[in-house]
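Visitor: I would like a close look at a single part of this model, with the cut-offs stated. Please keep to the computed geometry and contacts.

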Amino acid sequence: MAEARVSRFLPDPKTVAIVGCPFSGGQQKPGVDNGPICLVEAGLPEQLVELGWNVKFNGHHQFEEIDAQSDPPIGKLKNPRYVSRVCKAVSEVVGAHAKNGQLPLTLGGDHSLAMGTISGTLEQYPDACVIWVDAHADINTAETTDSGNIHGMPVSFLLGIGPKVSEFSWVKPLLKPSRLVYIGLRDVDAGEKRILKENGIRAFSMHEVDKYGIGRVVDMALDHVNPKRVLPIHLSFDVDALDPSVAPSTGTPVRGGLTFREGHYICEAIYETGCLVALDIMEVNPSLADVQSVQQTVAIGCSLARAALGETLL
């Protein structure tokens, strides 16, 4: 492992602000709202202190003030008002941390939250690029979605594609297709494949990981969105990018995913650029497996965060 660079964007002493988001409104399976609580209880804040970070954590955001009652679908979209209001609140929190020179580490919760986290990052770093590590593209629109679950749609809102939904008018289309790259895709809807092609969005599926190896894939992904390694990076990592044998306790597992080391290598390599300004660890769901599998998945969520924030093998 090469020696980690000093951050290009964060002042010393480096501070990570943990944004705990116990939220499950973007999908239908209960339990993902407990993911952030389990990650913190597993000792993640203390682990980051040991890596040399100042850690700011003021408790989980409970969103009690956001009314989830009387939230009928808008078209196919389920819980649209609740998801929108929570994501807007998260955007403001993440944006404030970024503005204060801190690195926001958002613990989900379901991946609809990235609509908020990435919006917050782009307010402070308008030229930031997004590396989205996931089994799924999460780029369905209100038109192409079959399920209506908004955790499969945040990227389309961030890009400003698809039919306009007034409830989400606060989401500014600040993300450019050329600033987005995917790693680990293997379960992509037909409508999403069309969207990726029409918008020229670069995606490295598990086919490319198999063909080239994870080291070359990460290099190619960075060469595409951040060729000179000078732009801020927002890493949004859904644990279902990992194979279910590695991270079993997640809502939409798909066989044939990243190995333990491949997932960690992505995080390590991005930290080495010195460009990381925001990190999401999403979709740990402690209610979907036996106790041992839950503990394994929570431990991996913590170790991915540590790898992205500077932990090395030597």
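Which residues in α3 meet which residues in α4?

Guide: This is a predicted model, in which local features need pLDDT of at least 70 and side-chain atom pairs count only at pLDDT 80 or more, while totals for chains, interfaces and linings use all residues. Residues are numbered from 1 along each chain as its sequence is written, and side-chain values use heavy atoms, with hydrogens and water left out.

On the α3 side the residues are C87, V90, S91, V94, G95, A98 and K99, and they meet M115, G116, T117, S119, G120, T121 and Q124 of α4. Sorted by class, this contact has 5 nonpolar, 8 polar and 1 charged residues. Contact means heavy atoms within 4.5 Å. Ala, Val, Leu, Ile, Met, Phe, Trp, Tyr, Cys and Pro count as nonpolar, Asp, Glu, Lys and Arg as charged, and the others, Gly among them, as polar. Helices (H or I, at least four residues) and strands (E, at least two) are DSSP runs numbered from the N terminus.

Next, the geometry of the pair. The α3 and α4 axes cross at roughly 35° and come within 7 Å of each other. Axes are lines fitted to C-alpha atoms, for helices over the stretch in contact, with angles from 0 to 180 degrees between N-to-C directions. The crossing of α3 and α4 is right-handed, a term used if the near helix is turned clockwise from the far one by less than a right angle, with left-handed for anticlockwise.

Confidence can be read alongside this. Helix α3 (residues 80–99) has the lowest mean pLDDT among the elements of the protein, at 96, and strand β4 (residues 129–133) has the highest, at 99. For the protein the mean pLDDT is 95, and 97% of residues reach 70 or more; pLDDT is the predictor's confidence in each residue, from 0 to 100.

Helix α4 (residues 114–124) has 9 of its 11 residues buried, so it is largely enclosed by the rest of the structure. Buried means under 20% relative accessible area, against over 50% for exposed and partly exposed in between (1.4 Å probe, protein chains only). The buried set in α4 is A114, M115, G116, T117, I118, S119, G120, T121 and L122. The cover over these residues includes α3, together with β3 (103–108), β4, α5 (154–159), β7 (233–238) and β8 (276–282).

One residue of β8 is I281. Its C-alpha atom is separated by 9.8 Å from that of A114, although the two residues are 167 apart along the chain. I281 is buried, with a relative accessible area of 0%. Beyond neighbours within four places in sequence, I281 is in contact with L105, T106, L107, G108, F237, V239, G301, L304 and A305.

G108, one of those partners, is joined to G109 by a cis peptide bond with omega of about 25°. G109 lies in the loop between β3 and α4.

The loops after β4 and β8 each hold a residue with a positive phi. D138, in the loop between β4 and α5, has phi near 50°, a positive value in a residue other than glycine. D138 is buried, at 5% relative accessible area. E283, in the loop between β8 and α10 (291–308), has phi near 70°, again positive in a residue other than glycine. E283 is buried as well, at 2%.
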